[in-house]
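Here are a few exercises to work through with the model open beside you. Try each task before you read its solution.

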Amino acid sequence: MTSSATHAPAHPTASILGYPRIGPRRELKKAVESHWAGRTTLGELETSAAALRRRTLERLRELGLGAEDSAIPLDFSYYDQVHDATLALGIVPERFADVRAADGSIDLTGSFTLARGEGERVPLEMTKWLDSNYHYLVPEIGPDTAIGYAGSRRVAEVREAAALGVVGRPVVVGPVSLLLLAKAADGAPEGFSPLDRLDEVVEAYVALLADLRAAGAAWVQLDEPALTSDTWAASPAQVRGAVARAYGVLTTAEVATGGRPAIAVAAGYGALGDAIDPLLAAGVEAIALDLVKGEVPAASAPDGATRDFSRVALLGGVVDGHNVWATDLDRAAARLEELRALGAASTGVTTSTSLFHVPHTVADEAGNPELPAQVASWLAFADEKVGEVLALAAGPEVATAAFARSREVAADRAAAPGVRRAEVRDRTGSLAPSSFSREEYGVRRAAQEAVLDLPALPTTTIGSFPQTGELRRARAALRAGTLSDGEYTSAMREEVARVIALQEELGLDVLVHGEPERNDMVQYFAENLDGFAVTQHGWVQSYGSRCARPSILWGDVSRPAPITVPWATYASSLTTAPVKGMLTGPVTILAWSFVRDDQGLGETANQVALALRDEIADLEAAGIGIIQVDEPALRELLPLRRADHAAYLDWSVASFRLATSGVAAETQIHTHLCYSEFEEVFDAIDGLDADVTSIEAARSRMEILPAVAAAGFERGIGPGVYDIHSPRVPSQTEVAELLRGALGSVGERTLWVNPDCGLKTRGYEETTTSLRHLVAAAREVRAGLA
Ligand code: MET
Ligand SMILES: [Zn+2]
């Protein structure tokens, strides 16, 4: 145990765990992408990035964060923060060994190569960061992977900030989270876990910390969000053991003698729970707790021992970094009081997570017609949240105006028209169990076979066809006002007609209209439902240079008019083949929006479900006999604690069933999920009770199917046979082989033939050839059945 805490510099009373990195007008995205396109040099990219970092420092300083007390986070990343930490440890997979220089370091070009792949070398896998919609690059670590401190750009950023007069707080993903978020490298022996390499990783962090200190960092923030989850292969006890080992070593060097910066461990995204004990024992100088999703720690540990907080700074993350609502300052102040009661060496105020999940500033939305001023007044994006942190640090006695305004906002929001609407509440309040179920599957199947008359192994697509430059330009022209609504609609109808003709020519069995009118599968519905607002500049990073603009679900949801019906019926009028209607499901609409925080997600999901139920009824009445309701985010919202899974699955499955169970037996309901980890949410998928489920399977060569069969899944299933994440065209032989393989586990009456996901990001040429091969392969295998 160290005694360095007593010599640690004081932690600032007001800080944030991180700030948006992409720039208020997506400057970083633009700079990075033009470099990738060869339009700018590496030097030019670095200059733009430095300008953006400088802007951030200046902005945060202007907003009132301390320039000299480490309150300002240094958390810039060209691509991804997990990737940055991985590369600082010199970790690269075998296939990319050549990107590492002789001294072990990986330069920026090499880091992009790993992120994006090159030729036959596949990039690092991407996966969801905790329960957010951000995706990180997964480190690949095996028993022989070289690990050693390889230098970090963060060090230069500490110096760069100092030159601008700012003593910043470098932010780095911590060692335990890095390893929990990693996967075993290909070829690693059974039973190997990246956590087995903890000691070498920690040694590299010791060197990194010393380097940061030498550059002038007084504090370092080590992000350990993985400690708030218990869904890892490692047990909670193993995770606590890893924390004890790692932080025991990291705190060995003395802060007082300049051996390292003081360490603040940040545990966003949920409750830290008992993982706090090894951190306290190790003597880290500060712990940032998520007090939005998590809780104030108990005064004693599970073994009954009184917890000793007297040498640690506790930072209360009471301002939500993951959602856009203005903080109720009184409530937050009360939580901070509870935290103070623990008797910590000091307490501070911070955000629950980094603010990179929210847009830059509400001020940018002034004059946005799709975001009513009243709703805008209830919001706090990153800059406004900095103000809230500062107000809470000052306290109600000093920040009287901010506290008064917070009370006004809360009252205004609670009473505003549209937030609670009787007609919506009456409907959700009077749902009978029968609203959630259809006839049994056997009855539906017979009815559907009778009316649909589809061949064995029916072919279809997942919904979207390529979004061409022309379509995007038409949408931009509509926004700019140079194209009228009527002109835009006719342009989209022409596209629908082209897509229908193409599918007929290809010989697909179940057609789609192609979704040309949708900018985004969630935003499109948000724009057409009551209760949602849409931002103009509210971009948040979703991975690398990719950004999304989540809609804001602020009030009770209902459907003022049919949304997709005219498109589906128009498409259907052009062909004798069945056309599948296409909707986004309630869970996905919630997962990819900023959702109101004044009621449970289940209640909100049911409102969305009823709006979709009305849409489905109208589609059915208009003669659309097959309707797909996409739920790609079903697994994404799975809670970080196992104890919360059952409740989540209850409401999520129920909302899908509420949306889809109003139809007749002969109407076929499809769903689509775009990942192959079927097992993880098998019970939920089964519970959705869709007649046909399509999933991603091409990359994994359908390895999931035996498990699906073993679980007794008897409804239709369409394992993807065409990987749409790459421009590669699968051959007919390859698709036919996949299908024959699939027939080993799935009956010929239940197997559907489709791509992994929608085609909107692909080009027409590769798509057309791929679909031709898909149809030919289905026919070939079908012919062999009889
Ligand atoms: C992310 S899942 C996408 C489903 C949607 N129907 C599409 O085809 O694009
Ligand atoms: Zn998909």
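Domain bounds here come from an automatic or database domain assignment. Keep in mind that this is a predicted model.

**Exercise 1: the two domains**

Task: find out which stretches of the protein chain make up its domains, and how many residues each domain gives to their contact.

Solution. Start with the bounds: the protein chain splits into domain 1 (4-415) and domain 2 (444-783). Next, take the centres over C-alpha atoms; those of domain 1 and domain 2 are 35 Å apart. Now turn to where they touch: domain 1 puts in 37 residues and domain 2 puts in 27 residues. On the side of domain 1 that touches domain 2, the elements giving two or more residues are α1 (27-36) and β2 (126-128). Of that side, α1 supplies the largest share, three residues. Last, sort this side of domain 1 by class: you get 17 nonpolar, nine polar and 11 charged residues.

**Exercise 2: α1 and its partner α2**

Task: work out how α1 and α2 are oriented to each other.

Solution. First, get the geometry: α1 and helix α2 (residues 42-63) pack with their axes 9 Å apart, at an angle of about 175 degrees. Then apply the cut-off: angles over 145 degrees count as roughly antiparallel. So α1 and α2 are roughly antiparallel to each other. Who does the touching? From α1 come Glu27, Leu28, Ala31, Val32 and His35, and from α2 come Leu42, Leu45, Ser48, Ala49 and Leu52. Sorted by class, this contact of α1 with α2 holds seven nonpolar, two polar and one charged residues.

**Exercise 3: α17 against α19**

Task: describe how α17 and α19 cross, and say which residues make the contact.

Solution. Helix α17 (residues 485-506) and helix α19 (residues 565-573) have axes 10 Å apart and pack at an angle of about 45 degrees. That angle makes α17 and α19 oblique to each other. As for handedness, their crossing is right-handed. On the α17 side, the contact uses Arg493, Val496 and Ile500, while α19 brings Trp567, Tyr570 and Ala571. Counting classes gives five nonpolar, no polar and one charged residues for the contact of α17 with α19.

**Exercise 4: α25 against α26**

Task: do the same job for α25 and α26, from crossing to contact classes.

Solution. Look at the axes of helix α25 (residues 732-743) and helix α26 (residues 764-783): they come within 8 Å and cross at roughly 50 degrees. Therefore α25 and α26 are oblique to each other. The crossing of α25 and α26 is right-handed. In α25, the residues to pick out are Gln732, Val735, Ala736, Leu739 and Arg740, which meet a set in α26 that includes His773, Leu774, Glu780 and Val781. The contact of α25 with α26 comes to eight nonpolar, two polar and two charged residues.

**Exercise 5: around the ligand**

Task: list the residues that surround ligand 1, then sort them by class.

Solution. Go along the chain and you'll collect Ile462, Gly463, Ser464, Met521, Met582, Asp630, Pro632, His672, Cys674, Cys757, Gly758 and Lys760 around ligand 1. Sorting this shell gives six nonpolar, four polar and two charged residues.

Notes:
Residues numbered from 1 in each chain as written. Chains lettered and ligands numbered in written order. Predicted model: local features only at pLDDT ≥ 70, side-chain atom pairs only at ≥ 80, totals over all residues. Axes fitted to C-alpha atoms, helices over the stretch in contact; angles between N-to-C directions. Helix = DSSP H or I, 4+ residues; strand = E, 2+ residues; numbered from the N terminus. Parallel < 35°, antiparallel > 145°, perpendicular 65-115°, else oblique. Left-handed = near helix turned anticlockwise from the far one by under 90°. Contact = placed C-beta atoms within 7 Å. Nonpolar A, V, L, I, M, F, W, Y, C, P; charged D, E, K, R; others polar. Near = placed C-beta within 6 Å.
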